[in-house]
Amino acid sequence: MQQPQTDHAYLVALPGGTLYDFQVEGLQFIHALHGNAIIGDERGLGKTAEALAWLYYQPKLRPAIIACPAPVKLQWLRETIRWLGENPANITVVKGKKKRTFDTPITIINYDILGAHFQALQAIQPKLIIFDEIQRVKSKGAQRSKAAASLAHTPSVRSRVGLTGTMFLNRPREGWHQVHCINPY
């Protein structure tokens, strides 16, 4: 796997803008954990940019899947185009549960339909999964959590990045399933 360079100047410049120093530290944190990390910064600090920077500096980690809540799928599309300079034709935003195949380097899907598309997503042999709002993957018995964990454990997946501003919604034990998705070993 190609590793990002550690030169600070190299890490800052992306097609969509410049990372702040603390975002570069987040990117280096992901690198230090071999691409399997949870970024738990507060809202508005640019966790999305950090995750997309990881994808930008690790081009071999495609196809990539971005799992997120339904209301932010289009925001992820806009941010992916912006930060990566990606052609929109290279990004699939999944809508509904109708069976289909995927053939783009980046797929954006919401948690609630992850299970319905599990086999098709697994078939593309994803290398990276970004879990936005990973605190929603809190109960190992919930369908979305089962689908997220199963996808994270797909043999082709080499990197898992979780993003959250609220790690635990109720009890600390809810974090176990999130950590298990990111680091299943």
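A residue counts as buried when its relative accessible area is under 20%. By that cut-off, 50% of the 185 residues of this chain are buried. The model is a predicted one.

**The whole chain**

The chain holds seven helices and eight strands. Its exposed surface comes to about 9,100 Å², and carbon and sulfur atoms supply 51% of that area. Now take the contacts between residues at least 6 apart in sequence. Of these, 65% join residues at least 24 apart.

**The sheet**

Six strands build an open sheet. Read across, their order is β3-β8-β7-β4-β6-β5, and the pairing is parallel. Two strands sit at the edges: β3 (36-39) and β5, each pairing on one side only. Neighbouring strands in this sheet are turned against each other by 15 degrees on average, with direction ignored.

Helix α2, residues 21-32, packs on this sheet. Helix α2 touches β3 and β8 (159-163), and its direction makes about 150 degrees with that of β3. Helix α3, residues 47-57, lies across β3, β4, β6, β7 (128-132) and β8. Helix α3 runs at about 170 degrees to β8.

**A closer look at β6**

How do strands of a sheet hold on to each other? They pair through backbone hydrogen bonds, either parallel or antiparallel. In the sheet order, β6 stands between β4 and β5. Here are its two pairings.

| Partner of β6 | Residues | Sense | Bridges | Residue opposite Ile106 |
|---|---|---|---|---|
| β4 | 64-68 | parallel | five bridges | Ala64 |
| β5 | 91-93 | parallel | three bridges | Ile91 |

Ile106 of β6 thus appears in both rows: Ala64 is its bridge partner, and Ile91 also stands opposite Ile106.

Is strand β6 mostly covered or mostly open? Strand β6 spans residues 106-110, and five of its five residues are buried. Each of them therefore has under 20% relative accessible area.

Which way do the side chains go? In a regular strand they alternate between the two faces of the sheet. In β6, Ile106, Ile108 and Asn110 point one way. Thr107 and Ile109 point the other way. Both groups are buried.

**In short**

The sheet has six strands in parallel pairing, with β3 and β5 at its edges. Strand β6 pairs with β4 over five bridges and with β5 over three. Helices α2 and α3 both lie against strands of the sheet.

Terms used
Residues numbered from 1 in each chain as written. Predicted model: local features only at pLDDT ≥ 70, side-chain atom pairs only at ≥ 80, totals over all residues. Heavy atoms only, no water. Helix = DSSP H or I, 4+ residues; strand = E, 2+ residues; numbered from the N terminus. Buried < 20%, exposed > 50% of the residue type's maximum accessible area, 1.4 Å probe, protein only. Contact = heavy atoms within 4.5 Å. Areas by Shrake-Rupley, 256 points an atom, 1.4 Å probe, with all protein chains shown as cover. Pairing = 2+ DSSP bridges. Axes fitted to C-alpha atoms, helices over the stretch in contact; angles between N-to-C directions.
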